[in-house]
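Me: I would like to learn how to read a model of this kind, one feature at a time. Where should we start?
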Amino acid sequence: MNWKRPIRFKISGFPWEIPLNVLLLLIFLTVLLMIAGAYMGFQFGTQTNR
């Protein structure tokens, strides 16, 4: 699999081109931050309801 293959897409009419490995890294970091934020929010919510 070619990890450097460019992926082309449009957002709001502007063409974007980004390598596959960078796109996967951004998706992974986004999901990781969402999970960490949900966990920290849950911990904060259980701490204040005592």
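Reply: Start with charge pairs, and keep in mind that this is a predicted model. By the distance rule, the count comes to one salt bridge.

Me: Which residue forms a salt bridge with Arg-8?
Reply: Glu-17 does, and the closest N and O atoms of the pair are 3.3 Å apart. The pair counts because a side-chain nitrogen of Arg within 4 Å of a carboxyl oxygen of Glu meets the rule. Arg-8 is exposed, at a relative accessible area of 60%.

Me: How many helices and strands are there in the protein?
Reply: The protein has one helix and two strands. Along the sequence the pattern reads β-β-α. Strand E1 covers 6-11, strand E2 covers 14-19, and helix H1 spans residues 20-48.

Me: How do E1 and E2 run, and how many bridges join them?
Reply: E1 and E2 run antiparallel, joined by six bridges. One of the pairings is Ile-7 with Ile-18, the latter being the partner in E2. As a general idea, side chains in a regular strand alternate between the two faces of the sheet.

Me: What should I look at in the hairpin of E1 and E2?
Reply: Look at the backbone angles between the strands, where the hairpin has two residues. Ser-12, in the loop between E1 and E2, has a positive phi of about 55° although it is not a glycine. Ser-12 is also exposed, with 69% relative accessible area.

Me: Is Ile-18 buried or exposed?
Reply: Ile-18, in strand E2, counts as buried because its relative accessibility is 18% and the cut-off for buried is under 20%. Leaving aside neighbours within four places in sequence, Ile-18 is in contact with Arg-5, Pro-6, Ile-7, Phe-9, Leu-23 and Leu-26. For one of these, Arg-5, the C-alpha separation from Ile-18 is 8.3 Å, with their positions 13 residues apart in sequence numbering.

Me: What about Leu-20, in helix H1: which residues does Leu-20 touch?
Reply: Not counting residues up to four places away, Leu-20 touches Met-1, Asn-2, Trp-3, Arg-5 and Ile-7. Leu-20 counts as buried, at 10% relative accessibility.

Me: How far apart in space are Leu-20 and Tyr-39?
Reply: They are 29 Å apart, C-alpha to C-alpha, and 19 residues apart in sequence. Both separations are worth reading together.

Me: Is Met-1 buried or exposed?
Reply: Met-1 is exposed, with a relative accessible area of 80%. Met-1 sits in the segment before strand E1. It is part of a nonpolar surface patch that also holds Trp-3, Leu-24, Ile-27, Val-31 and Ile-35. Together these residues have about 660 Å² of accessible area.

Me: What is the accessible surface of the protein, and what share belongs to carbon and sulfur atoms?
Reply: The accessible surface comes to about 4,800 Å², and 71% of this belongs to carbon and sulfur atoms. Of the 50 residues, 6% count as buried.

Me: What radius of gyration does the protein have, and what would a compact globule of 50 residues have?
Reply: The protein has 17 Å, whereas a compact globule of 50 residues would have a value near 10 Å. Along the principal axes, the C-alpha atoms fill a box of roughly 50 × 30 × 10 Å.

Notes. Residues numbered from 1 in each chain as written. Predicted model: local features only at pLDDT ≥ 70, side-chain atom pairs only at ≥ 80, totals over all residues. Heavy atoms only, no water. Helix = DSSP H or I, 4+ residues; strand = E, 2+ residues; numbered from the N terminus. Rg over C-alpha atoms; globule rule 2.2 N^0.38 Å. Buried < 20%, exposed > 50% of the residue type's maximum accessible area, 1.4 Å probe, protein only. Areas by Shrake-Rupley, 256 points an atom, 1.4 Å probe, with all protein chains shown as cover. Patch = residues over 30% accessible without salt bridge, like charges linked within 9 Å, V, L, I, M, F, W, Y side chains within 5 Å. Contact = heavy atoms within 4.5 Å. Pairing = 2+ DSSP bridges.
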